[in-house]
Amino acid sequence: MYKVVGVRFKKAGKIYYFDPNENALENGEYVIVETARGIEYGKVVVPPKEVEDDDVILPLKQVVRQANEHDSIQVSENLEDSKRAFELATEKISTHKLEMKLVDVEYTFDRNKIIFYFTAEGRVDFRELVKDLASVFRTRIELRQIGVRDEAKMLGGIGPCGRMLCCSTFLGDFEPVSIKMAKDQNLSLNPSKISGLCGRLMCCLKYENDEYEDARSKMPDIGRTISTPDGKGKVVGLNILERLLQVELFEENRVLEYTLDEIVEFEKSSVQ
């Protein structure tokens with residue numbers, strides 16, 4: 001077992017575990033932590049607790065100290081400088097005539113590095129751009145190509161449902177979403193109906209998928225012959241959420257609706 005504290009560096013960002021290092025930390029408190037890319041400023045979103053060995057990645061980095069007012073001022077200055085860096089980098093990209101779209105710019109807390117996030121259709125030779133930016137900012141420069149889902153998470157927006165994008169408000173990680181999930185939920189397969197602002201399948205298709213899969217595993221396939229209290233028939237329709245089956249009876253030549261429990265109970269009584 002390891003004692004850890006969960007820290008998030010961005011809104012709706014991934015939660016990382018750190019060793020609290022004897023610090024008395026509370027939820028919502030800001031801390032300075034040691035990360036793979038240097039010293040960073042983050043927010044405690046999971047108060048100190050013990051977790052299993054398999055839930056942490058060793059070696060576990062430590063919380064250096066609790067953040068103070070000077071640290072928050074440093075973060076504000078970094079944000080302001082990031083905006084200026086974004087404008088300058090956009091001009092440089094235009095000057096070098098590169099086929100890339102700048103999405104965001106981020107200073108690390110200790111200002112040892114500036115990270116430029118961009119999207120592009122393919123690979124981009126940005127070596128000259130990096131040299132140009134390094135000569136201006138006099139620090140380490142990193143250009144990081146991201147996907148369209150990451151772009152939507154950074155920029156935010158309003159989804160087809162009328163709410164703010166899930167990825168930019170509360171989703172820490174992207175989970176795989178497949179067209180099969182839409183099929184299992186009997187949704188329209190029209191791309192415009194099941195795609196988000198990023199152009200990829202909507203993340204919310206995953207939310208109810210486990211419930212659909214569990215219910216679907218207990219229900220017969222369409223076209224299967226089953227026994228009902230009114231005789232044998234063929235399954236012609238399913239309402240997965242309400243666990244209802246539409247069955248076309250062979251002898252009566254009509255369609256009746258049954259609950260899954262009714263069919264299960266009838267099958268049990270028939271066996272007995």
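In the predicted model, Met154 lies in helix H3, which spans residues 148–155. The residue counts as partly exposed because its relative accessibility is 29%, a value that is neither under 20% nor over 50%. Apart from neighbours within four places in sequence, Met154 is in contact with Lys10, Val103, Asp104, Tyr117 and Ile146. Met154 and Ser168 are separated by 14 residues in sequence, and their C-alpha atoms are 6.6 Å apart in space.

Two further helices, H1 (residues 69–95) and H2 (residues 127–137), pack against each other, with axes that come within 11 Å and cross at roughly 145 degrees. The crossing of H1 past H2 is right-handed. On the H1 side, the contact is formed by Ala85, Leu88, Ala89, Lys92 and Ile93. On the H2 side, Leu129, Asp132, Leu133, Val136 and Phe137 take part. Sorted by class, this contact contains 8 nonpolar residues, 2 charged residues and no polar ones.

Within H2, the residues Leu129, Leu133 and Phe137 are buried. These three lie on the same side of H2, because the arc they cover around the axis is only 55 degrees. Arg127 and Lys131 are exposed, and they are found on the other side of H2. The buried residues of H2 are covered by elements that include H1 and three strands, namely S6 (101–107), S7 (113–119) and S8 (140–145). Arg138, just after H2, takes a positive phi of about 55 degrees.

The cysteines were examined next. A disulfide is a covalent bond between the sulfur atoms of two cysteines. The structure holds 0 disulfides. For Cys161, which is in no disulfide, the nearest cysteine sulfur belongs to Cys166 and is 6.3 Å away. That separation does not satisfy the cut-off, since a disulfide requires sulfur atoms within 2.5 Å. Cys161 counts as exposed because its relative accessibility is 61%, and the threshold for this class is over 50%.

Cys167 is likewise in no disulfide, and the nearest cysteine sulfur, that of Cys203, is 5.9 Å away. With a relative accessibility of 8%, Cys167 counts as buried, the limit for that class being under 20%. Thus Cys161 is exposed, whereas Cys167 is buried, and neither residue is in a disulfide.

Key: Residues numbered from 1 in each chain as written. Predicted model: local features only at pLDDT ≥ 70, side-chain atom pairs only at ≥ 80, totals over all residues. Heavy atoms only, no water. Axes fitted to C-alpha atoms, helices over the stretch in contact; angles between N-to-C directions. Helix = DSSP H or I, 4+ residues; strand = E, 2+ residues; numbered from the N terminus. Left-handed = near helix turned anticlockwise from the far one by under 90°. Contact = heavy atoms within 4.5 Å. Nonpolar A, V, L, I, M, F, W, Y, C, P; charged D, E, K, R; others polar. Buried < 20%, exposed > 50% of the residue type's maximum accessible area, 1.4 Å probe, protein only. Arc of directions from axis to C-beta.
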